[in-house]
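New to this one? Here is a quick tour, taken piece by piece.

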Amino acid sequence: MNILISPDSFKGTLSAKEVCDIVGSAFEDTIKNVSITKLPVADGGEGLCSCLHSVCGGKNITVTVPGVFGEPVDAEYLMLNGGRAVIEMAACSGLPLAGDNKNPELSTTKGVGYLILDAISKGAESIMLGLGGSATNDCGIGMASVLGFSFLDEDGNELEPIGANLGKIVKIVPPEKTIGIPVTAACDVENPLYGEMGAAYVFAPQKGADEEMIVRLDEGMRHFAEVALECLGKDVSSLKGAGAAGGLGAGTVLFLDGELKKGIDIILDTAGFDKKAEKADLIITGEGRLDSQSVNGKVISGIALRCKAMGKKVITICGCEGKGAEMAKDVGVSEMYYSCPVPKPFDEVKKTCREDLYSAGVRAAENQK
């Protein structure tokens with residue numbers, strides 16, 4: 001039996017590579033004569049660089065850039081062979097870097113701009129930008145300021161490029177020259193820039209915003225979209241994915257002339273998933289929690305839909321079951337297994353996650369005999 005194991009990470013417990021190794025061991029110990037191919041993946045957020053590095057090689061490059069609140073941080077990006085740079089915005093503007101002082105009105109994406117400039121200086125001919133896991137809500141104006149854009153208030157003064165100032169912008173002045181290379185953003189959500197399903201209302205609470213701040217941020221993003229249309233001639237008001245990474249989805253289109261694509265599709269194409277799946281008798285995927293979000297542009301749905309089109313059997317081995325998990329059947333998942341069939345405190349989950357995942361792998365393997 002040829003088996004392809006291609007999971008996302010189990011966030012907070014296991015990396016995608018660790019999941020591959022544990023599930024692979026379970027199948028090798030349970031079924032005779034199995035051939036295991038491991039392809040750890042990600043959906044565009046954290047883990048994008050490590051995923052593609054493990055599959056495609058390349059060189060990791062570390063640069064000191066401004067962090068969430070402008071403080072210096074060491075951020076890493078990946079330069080693939082062939083001149084494609086892979087940059088995770090979370091490497092310098094990610095939520096974990098905000099610590100206990102989360103504030104999406106004051107956080108910035110400046111570091112992303114410096115990573116882009118560094119990649120270009122080192123010969124990058126194109127950029128893959130991972131959107132996700134952000135601590136920011138600035139629509140990418142921090143990044144844009146580093147790339148030569150200016151954001152002016154009603155008196156013509158240049159504003160600090162942070163979320164709190166989006167509503168004060170009356171003019172956007174672009175640089176004479178753009179970065180000049182194609183940019184594709186790996187995006188795992190379709191949220192618009194503003195409104196009830198927009199960046200502020202859906203994602204800002206986890207970044208430290210209270211109800212009043214959410215309203216201010218949303219109004220600021222709505223105003224910013226109007227100014228961007230007037231000054232740059234681009235309408236992001238109804239763009240799917242514009243609200244990703246605190247509006248950096250919109251910023252990718254406005255300031256980088258980039259395009260948004262589902263992160264999982266970019267990664268699967270880059271990693272040559274289809275060719276590997278064609279040779280497999282069984283494909284195994286998974287993530288920390290299987291729920292309704294898993295079938296909406298995440299790793300599981302991306303893999304399951306491709307396998308369904310190929311007529312391949314796909315099963316999931318996940319950490320736990322969430323609301324709407326049964327929807328995985330609709331995208332082509334035939335069987336679902338869980339490390340923690342019965343919910344337990346996360347501290348306990350972390351202690352036994354490896355043993356629990358191995359046991360789930362054994363249960364899944366027994367049913368494939």
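## Strands and how they pair

Two strands count as paired if DSSP finds at least two bridges between them. Keep in mind that this is a predicted model. Take β4, residues 72–80, and β5, residues 84–88: these strands pair in the antiparallel sense, over three bridges. One of the bridge partnerships joins L80 to R84, which sits in β5.

Both strands belong to an open sheet of six, and its order runs β3-β4-β5-β6-β9-β10, with mixed pairing. At the edges you'll find β3 (59–66) and β10 (259–262), each of which pairs on one side only. Ignoring direction, neighbouring strands here are turned by 30 degrees against each other on average.

## A helix across the sheet

Now look at α9 (263–270). This helix lies across β5, β6 (126–130), β9 (183–187) and β10. Against β10, α9 runs at about 80 degrees.

## Helix α11 and its surroundings

Helix α11 covers residues 299–310, which makes 12 residues. From its first C-alpha to its last, α11 reaches 17 Å, close to the 16 Å expected at 1.5 Å a residue. Right after α11 comes G311, with a positive phi near 75 degrees.

Which residues of α11 are buried? They are V299, I300, S301, G302, I303, A304, R306 and C307. These buried residues pack against several elements: the helices α9 and α10 (273–278), plus the strands β11 (282–285), β12 (289–290), β13 (313–318) and β15 (333–338).

## Two helix pairs

First up are α1 (residues 16–30) and α12 (residues 346–366), which pack at an angle of about 45 degrees with their axes 8 Å apart. Because of that angle, α1 counts as oblique to α12. The crossing of α1 past α12 is right-handed. On the α1 side, the residues involved are E18, V19, I22, V23, S25, A26, F27, D29 and T30. In α12 they meet R354, L357, Y358, G361, V362, A364, A365 and E366.

Then there are α7 (residues 211–232) and α8 (residues 244–256), whose axes come within 12 Å and cross at roughly 5 degrees. Why is α7 called roughly parallel to α8? Angles under 35 degrees count as roughly parallel, so the crossing of α7 and α8 earns that name. M221, F224, A228 and L232 of α7 make the contact with G246, G247, L254 and F255 of α8.

Note on methods: Residues numbered from 1 in each chain as written. Predicted model: local features only at pLDDT ≥ 70, side-chain atom pairs only at ≥ 80, totals over all residues. Heavy atoms only, no water. Helix = DSSP H or I, 4+ residues; strand = E, 2+ residues; numbered from the N terminus. Expected span 1.5 Å × (residues − 1). Buried < 20%, exposed > 50% of the residue type's maximum accessible area, 1.4 Å probe, protein only. Contact = heavy atoms within 4.5 Å. Axes fitted to C-alpha atoms, helices over the stretch in contact; angles between N-to-C directions. Parallel < 35°, antiparallel > 145°, perpendicular 65-115°, else oblique. Left-handed = near helix turned anticlockwise from the far one by under 90°.
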